Amino acid sequence: MLEIKDLVVSYGKIKAVKGISVTVEQGQVVCLIGTNGAGKTTTLRTISGLLRPESGSILFEGERIDRAPAHKIVTMGVAHSPEGRRIFPRMSVEENLLLGGYSRRDSELKDDLEAAFELFPILRERRAQPAGTFSGGEQQMLAMGRAMMSRPRLLLLDEPSMGLSPLMMQRIMQTVRTLRAQGTTILLVEQNAQAALKLADHGYVLEVGSIVLEGPGRDLLASDEVRKAYLGEE
Ligand SMILES: Nc1ncnc2c1ncn2[C@@H]1O[C@H](COP(=O)(O)OP(=O)(O)OP(=O)(O)O)[C@@H](O)[C@H]1O
Ligand SMILES: [Mg+2]
């Protein structure tokens, strides 16, 4: 579904992504783990068209998207739930959701809202509440609900568990499973390696812009390198 080949992304003279190749098969959850500054967010922002690669290619369902504008990439079926959630605090929950559906027809929006409410019932109960008054976990649900409003076939999720309690984190990871079961393919960026690798079909470990390890989620979770570097085990 997604094929990234030899991707290089720079900020001026700084190379943040140094020639990575990542494949995401339809129906999978693929995770990208790595420490601060590894290039995870840069990779997601490049896939969704917010950054331009210096070289390399990105194919989505066989079509090059690495030169396509971001709004076109959304209509092709790729949605991005960004790092830090980026909700609009003064707008209501429902208004935030509707922003995620800007590429959809008016006639589709009611069903799209209904689907987001079904995924996270609290969004329905609190639809009129200013989004800025939501807790961190609730804001994460809103960010994911908003991304789902464009009915993506591929969802890019950047650190959904950041700052959440263990219980809320479990809730979010359970939703990732639900979305996969419903047919959404997911590229998940996480610093919480344990939680991400447990559910991922395939994982990649990124270190300062390069992939140093890849494999099935469970294999990575069991590997000595990952246990030492990411799970703090000796
Ligand atoms: N707008 C920018 N201008 C210059 N350098 C940047 C910019 N954004 C990111 N970088 C640099 O690119 C590198 C990769 O950053 P990126 O945000 O992709 O990392 P990350 O893996 O998402 O890290 P984190 O886990 O902390 O979110 C870092 O060295 C960072 O300082
Ligand atoms: Mg990041």
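Biologist: At what distance from an oxygen atom of ligand 1 does a polar side-chain atom of Thr41 lie?

Modeller: A polar contact is a pair of N or O atoms within 3.5 Å. In this predicted model, a polar side-chain atom of Thr41 lies 2.8 Å from an oxygen atom of ligand 1. For Lys40 the corresponding value is 2.7 Å, and for Gln191 it is 2.9 Å. The protein covers 62% of the 640 Å² of accessible area that ligand 1 has on its own (Shrake-Rupley method, 1.4 Å probe).

Residues are numbered from 1 along each chain as its sequence is written, while chains are lettered from A and ligands numbered from 1 in the order of writing. As the model is predicted, local features need pLDDT of at least 70, side-chain atom pairs count only at pLDDT 80 or more, and totals for chains, interfaces and linings use all residues; side-chain values use heavy atoms, without hydrogens and water.

Biologist: Which residues come nearest to ligand 1?

Modeller: A residue is near a molecule if one of its heavy atoms lies within 4 Å of it. Of the 13 residues around ligand 1, the nearest are Asn36, Gly37, Lys40, Thr41 and Thr42. Helix α1 (residues 40–47; a DSSP run of H or I, at least four residues, whereas a strand is a run of E, at least two) contributes three residues, the most of any element, to this shell.

Biologist: Which protein donors does the magnesium ion have?

Modeller: Donors are N, O and S atoms within 2.8 Å of the metal (3.2 Å for Na, K and Ca), and sites may look incomplete because water is not among the atoms. For the magnesium ion (ligand 2), the protein donors are Thr41 (OG1) and Glu83 (OE), at 1.9 to 2.5 Å. These two residues are 42 residues apart and link distant parts of the chain: Thr41 belongs to helix α1, and Glu83 to the loop between β6 (78–81) and α3 (93–100).

Biologist: Are Thr41 and Glu83 buried or exposed?

Modeller: Buried means under 20% relative accessible area, exposed over 50%, and partly exposed in between (1.4 Å probe, protein chains only). Thr41, at 22%, is partly exposed, and Glu83, at 30%, is also partly exposed.

Biologist: Why is α1 described as largely enclosed by the rest of the structure?

Modeller: Helix α1 is so described because six of its eight residues are buried. The buried residues of α1 are Lys40, Thr42, Thr43, Leu44, Thr46 and Ile47. Just after α1, Gly49 takes a positive phi of about 85°.

Biologist: Which way do the side chains of β8 point?

Modeller: In a regular strand the side chains alternate between the two faces of the sheet. In β8, Thr185, Leu187 and Val189 point one way, and Ile186, Leu188 and Glu190 the other way. Six of the six residues of β8 (residues 185–190) are buried.

Biologist: Which strand does β8 join through Leu32 and Val189?

Modeller: Two strands pair if DSSP finds at least two bridges between them. Strand β3 (residues 29–33) runs parallel to β8 and is joined to it by five bridges, with Leu32 opposite Val189. Strand β7 (residues 154–158) likewise pairs with β8 in the parallel sense over five bridges, and Leu155 has Ile186 as its bridge partner.

Biologist: What is the phi of Asp6, and what is that of Val208?

Modeller: Most residues other than glycine have a negative phi. Asp6, in strand β1 (residues 2–11), has a positive phi near 50° and is partly exposed at 49%. Val208, in the loop between β9 (202–207) and β10 (210–215), has a positive phi near 30° and is exposed at 60%.

Methods: Polar contact = N/O pair within 3.5 Å; in protein donor to acceptor, adjacent residues only side chain to side chain.
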